[in-house]
Amino acid sequence: MTAENKTSLGTNGSPDLRSAGVAALRAALPGVFPEGDIDLRDGGLGEDLVEIGLISVWGALWARDGLSRRDRSLVTLGILIALNAETELRTHMKIALTNGLTKDEIAEVIYHSSGYAGFPAAVAARTAAREALGA
């Protein structure tokens, strides 16, 4: 791993993936999370899943320097469309706008994905985009 691809390092030399994840999540969804430490657990079944995502997705992946946030949003939208992951798509449509994509570019991602992920997945993505973006 090159130096430019490392996440921030804690005092013991190991990556502080949780802190990097919180910072990346706050950058992607400005104003959603209060300052200071956040606890995303809700007391329900599988409550650690969001914490795992915070560390493994936001800390280990979104905090990397190898791609711009805009590029990561493009890749993420394509993957989520292919997976037909409507719930995550709603959030990532908003994140894509924060990361510099326009609504027209998001529509192009949806159109393009119809040829690779299938028309039903693209229609579901369009629905998620309309709901998330009020478009």
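A nonpolar core, as the term is used on this tour, is a set of buried Ala, Val, Leu, Ile, Met, Phe, Trp, Tyr and Cys residues joined through side-chain atoms within 4.5 Å. Please keep in mind throughout that the model on screen is predicted.

Begin with the whole protein chain in a ribbon view, where the secondary structure comes to 6 helices and 0 strands, so that the elements read α-α-α-α-α-α from the N terminus on. Of the 135 residues in the chain, 32% count as buried, and the accessible surface comes to about 8000 Å², with 57% of that surface belonging to carbon and sulfur atoms. If you display contacts with a separation of 6 or more, 59% of them are accounted for by residues 24 or more positions apart.

Next, select Leu 77, Ile 81, Leu 89, Met 93, Ile 106 and Ile 110, which are the residues with the most contacts inside the largest nonpolar core, a set of 18 residues. The elements that give two or more residues to this core are helix 3, helix 4 (86–98), helix 5 (103–117) and helix 6 (119–133), and the largest share, 7 residues, comes from helix 6. In soluble globular proteins, nonpolar side chains tend to be buried together.

Now centre the view on Ile 110 and ask which residues it touches, leaving aside those up to four places away in sequence. The list consists of Ile 81, Met 93, Ala 122, Ala 125, Arg 126 and Ala 129.

Then select Leu 29, Trp 58, Trp 62 and Ile 95, which are among the 10 residues of another core, lying apart from the one centred on in the previous steps.

From there, move to Glu 51, which is found in helix 2 (residues 48–62). Is this residue buried or exposed? Glu 51 is buried, because its relative accessible area is 8% and buried means under 20%. Showing its neighbours, again without residues up to four places away in sequence, brings up Arg 18 and Arg 41, both of which Glu 51 touches.

Finally, turn to the surface and select Leu 67, Val 75, Ile 79 and Leu 83, which make a nonpolar patch of about 370 Å². Within this patch, Ile 79 has its place in helix 3 (residues 69–83), an element that also gives two or more residues to the largest core. Ile 79 counts as partly exposed, because its relative accessible area of 46% falls between the 20% limit for buried and the 50% limit for exposed.

Methods:
Residues numbered from 1 in each chain as written. Predicted model: local features only at pLDDT ≥ 70, side-chain atom pairs only at ≥ 80, totals over all residues. Heavy atoms only, no water. Patch = residues over 30% accessible without salt bridge, like charges linked within 9 Å, V, L, I, M, F, W, Y side chains within 5 Å. Areas by Shrake-Rupley, 256 points an atom, 1.4 Å probe, with all protein chains shown as cover. Salt bridge = Lys/Arg side-chain N within 4 Å of Asp/Glu carboxyl O. Helix = DSSP H or I, 4+ residues; strand = E, 2+ residues; numbered from the N terminus. Buried < 20%, exposed > 50% of the residue type's maximum accessible area, 1.4 Å probe, protein only. Contact = heavy atoms within 4.5 Å.
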